[in-house]
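Let's take a friendly walk through this structure, with its sheets, salt bridges and surface patches as our stops. Please keep the 3D view open as you read.

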Amino acid sequence: MAFFNLLNRVEYACVCGLLNPLTKLYFCRHCMKLRCGFCVCQEVDSNFCSNCLENIPSSETKMRKNRCNTCFNCPSCQHTLSVRASIATVPLAAGADSKEGSPATEDAAKAAKGGSTSTPGPAVKQVTKKMYYLACLTCRWNSHDIGIPDQTAATGQWPEPEYPNATRFALLLEHYQSVVLHDKQERQELWRRKMPKKSQFPNLTDRTGLTASMIRRQMGWSDGKVQLKTTPIPIKESVASEDVDELPAELLHAGVNLRTVTTLTQRLAQPAKQSASVSQLYPQHKLLSIKCSLRCRQCDHNVIKSEYNPSSIKYRIALFAAYHVPDVRLVRCDPLRCEGAESALLLRITNPTINEMTVTIMELPTVDEERLLIQELKAMALESGTAASVASAGGVGGGTGGQTSLTSLSQGFARQGMLIEEPRLVDRAVNGTLKLPDSSFTVNQRDDSAEFDEVVQGHQDEPKFIVWRKANHVVIRLGVQPKPDVQPDEDVVVGFTLQYTYFNTVADKSVASAAATSTPSLSGTSKEQKWHALNTRIYINLGKLQPVGVE
């Protein structure tokens, strides 16, 4: 139960022990566990401009310095600038066709010539052209305010401002790029020396180096024997100087007009110059946006995968926890008293899946049980990481026939160590006791058409703790009692373990391979393997404890 501007009353515990609302959690169908933002890793899929929706490759993004070439931001309010058109009268160039001018313009030029008494001279023909300029529709800033000339094309090359330290920064960038390349070559040379020697009976491909050479050419790399060791480009060091120009007298005596002084946001938007006057603010190229995919850190499967098209807002893979885990919401709680009286608590449980779900509410695990669970999670993560590294080493470089391993060319081909969030104890003290139900109950599957059908549900024998049921929603009543050591005006927090049945639609590799070799049949064993009983810990903040005598 999450709100945009209010306190999160209902929070779910991730595998790592952090508490988050259901709307900020993900569900991995392969691990069948909840994942928070720290248990997934982000990968950049594409770069695009949010204004013109141009999809830009990653190599070109680095060259453009992560900015769009055609879109600009307003230097005053940081909104996107629009290209506006205007009609301007310009003199016709010598030798140009006179048909470019409009009849109205020629008549106006003749009338002005007849009415004037100046000395006769060669007549200059005027033509009308459509000119384009940049304008902000939010703060009414335009390119005329700083004297940028209009362009004849809507996608014209707008003039770029010149910065005094641009040359110095270019030299620094070139210097540090050479330093990085030099360090990388030294690490590769040291790693190549530490490699174990090959067998004294190599095969033909190892003697000739044919496989390694072909792989290097396919990847666009040069041959290893031809590579030359680079040296860092020298650069002139910056030296501090005590000679500082004195402040101008106008700065101390002249009045200050705040309308002409730039704000801190406007200066930080242009870090290269940081102009102090509004008249020196130039439009900046718009920053590019990215589309990210989220991947589970333990099983390395995608949790969130968006469409490649920038104009599409759909997902290829959308494993949000709200689509797979029961949604628990706080409906109402009676006032909590200090006398130790029991109060009624109403919770609504929603089944978001298309399969019927059996729900059981149990006690929270103790501290010893929670520590044992953390040790099991660490052991599973270590085992999976070791198995993955062995499989990658055996599949890539452990083949027979003396096949050249990709890891022998570069360390980047080796599988990196798994970065899994360290499990911890849940940092939430429970100071209330729940009277849990004595039996399990079922929650119907989600049916989108049931909301529009006026079907009266038949009477069925329900447990006493179930108050209301409709479609895939169930409201239950629980008893809550604050502990004696709770102080008045202190938040009362209760927790429980929610066990629910989940139908996994991801086929197991062993089951899928066995089914491919045998005749297709729907056996009971395969059905049982898809049904799983999952547990999640839920903590609910019921509000303040009212002191004695307060109604």
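The report below treats a predicted model, and it goes through the sheets, the salt bridges and the surface patches in turn.

## The sheet of five strands

Let's begin with an open sheet of 5 strands, whose order is β6-β5-β11-β12-β13 and whose pairing is antiparallel. The edges are taken by β6 (55-56) and β13 (315-318); each has a single partner strand, so one side of each is left without a neighbour in the sheet.

At the β13 end, 3 bridges hold the antiparallel pair made by β13 and strand β12 (residues 302-306). If you want to find this pairing on screen, look for Ile 304, whose bridge partner in β13 is Ala 318.

## The sheet of six strands

Another open sheet has 6 strands, again with antiparallel pairing, in the order β2-β1-β22-β21-β16-β18. Here β2 (19-20) and β18 (441-443) stand at the edges, and because each has a single partner strand, one side of each is left without a neighbour in the sheet.

Inside that order, strand β21 (residues 491-503) runs antiparallel to strand β22 (residues 531-544), and 12 bridges join them. One place to look is Thr 497, which stands opposite Arg 537 in β22. Keep Arg 537 in mind, as this residue returns in the next section.

## Salt bridges

Side chains of opposite charge can pair when their charged atoms come close. How many salt bridges does a search of the whole structure find? The count is 12.

One of them involves Arg 537, which forms a salt bridge with Glu 370, the closest N and O atoms being 3.0 Å apart. This pair links distant parts of the chain: Arg 537 belongs to strand β22 and Glu 370 to helix α8 (residues 367-397), with their positions 167 residues apart. Are these two residues buried or exposed? Both Arg 537 and Glu 370 are buried.

The five-stranded sheet has a salt bridge of its own to inspect, in which the side chains of Asp 45 and Lys 305 meet at 3.5 Å, N to O. Distant parts of the chain are linked here too, since Asp 45 is in strand β5 (residues 40-48) and Lys 305 in strand β12, 260 residues apart. Asp 45 has a relative accessible area of 27% and is therefore partly exposed, and Lys 305, at 21%, also counts as partly exposed.

A salt bridge within one helix joins the side chains of Glu 189 and Arg 193, at 3.6 Å from N to O. Both residues lie in helix α3 (residues 166-194), 4 residues apart, which is about one turn of the helix. Glu 189 is partly exposed at 35% relative accessible area, while Arg 193 is exposed at 64%. There is also a network of salt bridges, which links Glu 43, Arg 295 and Asp 300.

## Patches on the surface

A patch of negative charge gathers on the surface from Glu 242, Asp 243, Asp 245 and Glu 246. Asp 243 sits in the loop between α5 (210-218) and α6 (249-253). With a relative accessibility of 71%, Asp 243 counts as exposed.

A nonpolar patch is found on the surface as well: Leu 247, Leu 251 and Leu 252 make up about 360 Å². Leu 252 belongs to helix α6, and its relative accessibility of 63% places it among exposed residues.

Technical notes. Residues numbered from 1 in each chain as written. Predicted model: local features only at pLDDT ≥ 70, side-chain atom pairs only at ≥ 80, totals over all residues. Heavy atoms only, no water. Pairing = 2+ DSSP bridges. Helix = DSSP H or I, 4+ residues; strand = E, 2+ residues; numbered from the N terminus. Patch = residues over 30% accessible without salt bridge, like charges linked within 9 Å, V, L, I, M, F, W, Y side chains within 5 Å. Areas by Shrake-Rupley, 256 points an atom, 1.4 Å probe, with all protein chains shown as cover. Salt bridge = Lys/Arg side-chain N within 4 Å of Asp/Glu carboxyl O. Lys, Arg positive; Asp, Glu negative; His and termini not counted. Charge placed at Lys NZ, Arg CZ, Asp CG, Glu CD. Buried < 20%, exposed > 50% of the residue type's maximum accessible area, 1.4 Å probe, protein only.
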